[in-house]
Amino acid sequence: AVPEVVVTLQSGIKVGISTRGPTAIRLRLHAQWHGSFDSPMVHPVAEDAPFKKINDEHGVGISTGVGSLVVSKHDTIVLRSKSGKLLTESTKLNPEHPILTMTSNHGKLYGRGASPEDANQLTVTHMVHPQVCNRAAYAPYYYSTDGYAALGAANETKSFKFPVVYASNGTHINWHAWVLKGAFELFFMPAATLAEGTQAYYALIGSPVVSPRYAFGFIASRWGWRDKEYIERTVGHFRAGGFPLDAIVIDFEWFTTETDYMFNPQGKNWYTDFGYNARLFPDPQRQLPYYRDQLHVKFGGLRKPRLGNMQLLEQAKAKGWILPQAEPGGRWPPNMAHSYAWHRNLNYSDPQVRKWYGEMIKPYIEDGVEFWWNDEGETDFFTFYWWNIAEKDQLRMMNPSKRFFSLNRAWSPGMARLGATVWTGDIDPTWEDLRGTPGMMLNWVLSGAPYVACDIGGFRGQSEALLLTRWMQL
């Protein structure tokens with residue numbers, strides 16, 4: 001690893017400066033000294049760039065091929081481009097309070113993510129609190145037209161909200177982190193344009209892999225497939241009418257016979273988390289290959305990040321595998337008063353959980369389940385990330401050359417390098433949601449999710465002919 005330049009402030013507090021990947025300069029900042037950590041968001045496409053140490057009358061820092069970062073004699077952070085142009089400078093550092101204030105020349109900030117409230121706004125107009133939610137995702141990232149991009153990272157998460165926020169008033173950009181015992185890092189990426197900044201960002205969080213070809217086609221998904229005959233009749237209508245159909249997704253009903261929304265923390269002893277509903281799949285070992293090879297339709301199974309079976313829950317709780325928090329209720333904004341699945345959500349950040357989960361889904365992959373539709377994983381900011389790691393690791397053990405693909409209701413930066421794509425959540429069949437969808441997709445692309453889909457025509461309620469036509473055209 002490239003060594004780090006450690007700077008001791010006038011207060012006696014230390015900060016660290018180094019590079020991460022080919023495009024980023026890393027600043028480690030906190031009152032308690034910690035070594036660097038590996039955030040799930042960060043996985044550079046190349047090795048850490050070399051740098052030269054700066055130690056002169058202006059301060060101490062590093063110079064790289066993309067720019068320089070120096071702690072001045074006055075304990076401010078100074079970021080410059082590779083040509084020496086001043087991009088931003090902080091106020092005096094006080095790591096005992098994890099707030100970093102950077103100057104701005106009325107720079108416009110892109111790449112925050114979006115919710116229905118700001119889907120049609122590309123620039124930051126309010127405080128950004130990174131989080132995952134049904135119909136919303138915000139990232140601890142921005143590109144500033146001052147000439148650089150920035151990603152904030154912390155090694156603590158305890159809920160669907162990330163413990164880092166930022167806001168701009170035009171002349172200053174304020175970062176704040178709530179990491180009482182953890183560490184806070186900022187990755188600066190000098191870049192003259194939004195395009196260059198976005199490229200530098202993806203070089204830091206990992207280049208997105210290309211999904212399998214069928215993922216770019218039409219996927220028919222619904223909640224309410226009735227039985228085997230209904231599945232095959234529906235696929236038959238597509239084929240007989242000459243309509244494109246590349247894959248189907250089936251909700252809860254493919255693996256169990258009842259939803260678990262009203263279950264208590266103990267679950268129910270008859271519930272099946274890892275099986276088949278015999279009405280839809282009386283013979284999955286024959287059906288799934290038939291759909292794939294004869295009907296040329298891939299099958300994706302919807303999954304939840306939790307358990308409903310009483311015996312499995314008892315085993316998981318005994319091993320400490322369950323998160324204490326629940327799934328936030330409602331859509332945007334999240335409603336904790338209506339949260340559900342308390343003490344039933346798996347903690348996928350635990351390697352043992354991922355290994356066990358991989359073994360549980362192995363029979364599905366053997367039978368012919370091609371991809372996963374991961375739903376309601378907003379239990380922690382990184383649940384979707386670690387959940388996808390479990391799924392991808394299992395596929396790799398079984399078929400190293402097969403492309404991994406999943407659809408997820410929310411995301412955190414870096415997931416695209418796994419093959420994880422996203423959709424925009426439970427939208428309504430309304431003109432308002434149609435108008436907001438392109439902006440939502442573009443905002444998510446700029447903030448770290450390059451492959452974004454949506455429920456064409458809406459998820460809740462019934463669409464109508466003109467609206468559905470316009471949605472298809474879009």
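The following dialogue discusses how to read several features of a predicted model.

Biologist: How should one read a sheet, and which strand order does the open sheet of seven strands have?

Modeller: Strands of a sheet pair through backbone hydrogen bonds, either parallel or antiparallel. In this predicted model, the open sheet of seven strands runs in the order β1-β2-β3-β18-β15-β14-β10, and its pairing is antiparallel. At its edges stand β1 (5-8) and β10 (109-110), each of which pairs on one side only.

Biologist: How many bridges join β10 to β14, and which residue stands opposite L109?

Modeller: Two bridges, in the antiparallel sense, connect β10 with β14, the strand of residues 141-144. Opposite L109 stands S144 of β14.

Biologist: Which strands does helix α1 lie across?

Modeller: Helix α1, residues 194-205, lies across β2 (14-20), β3 (24-29), β10, β14, β15 (148-154) and β18 (184-190). Its direction is at about 150° to β14.

Biologist: What is the strand order in the open sheet of three strands?

Modeller: That sheet has the order β11-β13-β12, again with antiparallel pairing. The edge strands, β11 (113-114) and β12 (131-133), each pair on one side only. Between β11 and β13 (residues 136-138) there are two bridges in the antiparallel sense, and A114 has A137 of β13 as its bridge partner.

Biologist: Turning to empty space, what volume has the second largest pocket, and which residues lie nearest its centre?

Modeller: The second largest pocket holds about 290 Å³ of space. Its lining comprises 16 residues, with V66, P190, A191, A192 and E196 nearest the centre. Sorted by class, this lining has six nonpolar, six polar and four charged residues.

Biologist: A cavity, in contrast to a pocket, is a space from which a 1.4 Å probe cannot get out. How many cavities of 30 Å³ or more does the count give?

Modeller: The count is four cavities of 30 Å³ or more. The largest cavity contains about 80 Å³ of space. Among the residues that line the largest cavity are I365, F371, W372, E391, K402 and R403. The elements giving two or more residues to this lining are β24 (371-374) and α6 (383-398).

Biologist: How is the lining of the largest cavity divided by class?

Modeller: The lining of the largest cavity has seven nonpolar and four charged residues, with no polar residues.

Biologist: How should salt bridges be read, and how many does a search of the whole structure find?

Modeller: Side chains of opposite charge can pair when their charged atoms come close. The search of the whole structure finds 22 salt bridges. One pair is R331 with D428, whose closest N and O atoms are 3.0 Å apart. This pair links distant parts of the chain, 97 residues apart: R331 belongs to the loop between β22 (327-329) and β23 (335-340), and D428 to the loop between β26 (420-423) and α7 (431-447).

Biologist: Finally, how should backbone angles be read, and is the peptide bond from W332 to P333 cis or trans?

Modeller: Most residues other than glycine have a negative phi, and most peptide bonds are trans. The bond from W332 to P333 is cis, with omega near -5°. P333 lies in the loop between β22 and β23, the loop that also holds R331 of the salt bridge.

Biologist: What is the phi of A341, and where is the place of A341?

Modeller: A341 has a phi near 65°, which is a positive value in a residue other than glycine. Its place is in the loop between β23 and α5 (351-367).

Definitions and conventions: Residues are numbered from 1 along each chain as its sequence is written. This is a predicted model: local features need pLDDT of at least 70, side-chain atom pairs count only at pLDDT 80 or more; totals for chains, interfaces and linings use all residues. Side-chain values use heavy atoms; hydrogens and water are left out. Two strands pair if DSSP finds at least two bridges between them. Helices (H or I, at least four residues) and strands (E, at least two) are DSSP runs, numbered from the N terminus. Contact means heavy atoms within 4.5 Å. Axes are lines fitted to C-alpha atoms, for helices over the stretch in contact, and angles run from 0 to 180 degrees between N-to-C directions. On a 1 Å grid over the protein atoms alone, a cavity is a set of points where a 1.4 Å probe fits but cannot get out, and a pocket is an open set with protein on both sides within 12 Å along at least five of seven lines; lining residues have an atom within 4 Å of a point. Grid points are joined across faces, edges and corners, and a volume is the space filled by probe spheres set on the points. Ala, Val, Leu, Ile, Met, Phe, Trp, Tyr, Cys and Pro count as nonpolar, Asp, Glu, Lys and Arg as charged, and the others, Gly among them, as polar. A salt bridge is a side-chain nitrogen of Lys or Arg within 4 Å of a carboxyl oxygen of Asp or Glu.
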